[in-house]
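User: I would like to go through this structure by asking what each descriptive term rests on. Please set the values against the definitions as you answer.

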Amino acid sequence: MNTSIKWSLALLFSVASFICQANLKVDDPQVRLLPPGVPNTAAYMQLTNTGNKVIRLIKASSSASAKVEFHQSYHLDGMAKMKQVDELVIKQGQTLSLESGGTHIMLINLAQPLKQGEKVALTLVDDNNQIYKVMATVKKGHGGHHHGHHGHHQHHH
Ligand SMILES: [Cu+2]
């Protein structure tokens, strides 16, 4: 069988049997919209390992920024800090939530300011060189403790 037929069959099979990326299900991928001029931002999503082997994500990249790192937030003396981690490990059947104040993906040195609703392509790579493509939507965050209740105050005459 020649290579191109093999490829077509492989493609057909993968499209028909699973939602594209084999063993990693990605829910609600989003990139936080920050004010213009802020060079870095974070991406959040839920990563579920639907396979039967542990997934270790060891690399990430994006067209939107020069560098992409995995980060872990923590508190030290009441200050919110974060540090780089080498890998994101998702065990079989587990969901890893990347969220504000926890583990997150950091986009460092944005190529240009992001816009609300824009799609940002992220590429995640595991230790078997499997590539996972993610399209994240740029969204405003919840603004820390504020829940953005810009109340519509009634003006009585
Ligand atoms: Cu970070």
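User: What makes Asp126 the bridge partner of Leu57 in E9, and how do you know that E3 and E9 are paired?

Analyst: This is a predicted model, and in it Leu57 has Asp126 as its bridge partner in E9. Two strands count as paired if DSSP finds at least two bridges between them; E3 and E9 are joined by 5 bridges and run antiparallel, so they meet that criterion.

User: What about E9 and E10: how do you know that they pair, and what lies between them?

Analyst: These two strands are joined by 7 bridges, again against a requirement of at least two, and therefore they pair; their direction is antiparallel. Val120, for instance, has Ala136 as its bridge partner in E10. E9 and E10 form a hairpin with 4 residues between them, and in the turn Asn129 has a positive phi of about 65 degrees.

User: Which residues of E9 lie on its covered face, and which on its uncovered one?

Analyst: The covered face consists of Val120, Leu122, Leu124 and Asp126, whereas Lys119, Ala121, Thr123 and Val125 make up the uncovered face.

User: Why is a set of residues here called a nonpolar core, and which members touch the most others?

Analyst: The term applies because the members are buried residues of the listed nonpolar kinds, joined through C-beta atoms within 7 Å. The largest such core has 24 residues, of which Ala43, Met45 and Leu122 touch the most other members. At least two residues each come from E1, E2, E3, E6, E8, E9 and E10, and E2 supplies the largest share, with 4 residues. In soluble globular proteins, nonpolar side chains tend to be buried together.

User: Which residues does Ala43 touch, beyond those up to four places away in sequence?

Analyst: A contact requires C-beta atoms within 7 Å, and Ala43 touches Pro29, Gln30, Val31, Leu98, His104, Ile105, Leu107, Leu122 and Ala136.

User: What share of the chain's contacts join residues far apart in sequence, and what share of its residues is buried?

Analyst: Among contacts between residues at least 6 apart in sequence, 67% join residues at least 24 apart. Of the 157 residues, 18% count as buried.

User: Where is the predictor's confidence low, and how many contacts do those stretches have?

Analyst: The chain averages a pLDDT of 85, with 76% of the residues scoring at least 70. Over residues 15-20, however, the pLDDT is below 50, and this stretch has 0 contacts beyond near neighbours in sequence. Residues 144-156 also stay under 50, and for them the model has 3 contacts beyond four places in sequence.

Conventions
Residues are numbered from 1 along each chain as its sequence is written. This is a predicted model: local features need pLDDT of at least 70, side-chain atom pairs count only at pLDDT 80 or more; totals for chains, interfaces and linings use all residues. A residue is buried if 20 or more other C-beta atoms lie within 10 Å of its own, exposed if 12 or fewer, and partly exposed in between; C-beta atoms are placed from the backbone. Two residues are in contact if their C-beta atoms, placed from the backbone, lie within 7 Å. pLDDT is the predictor's confidence in each residue, from 0 to 100.
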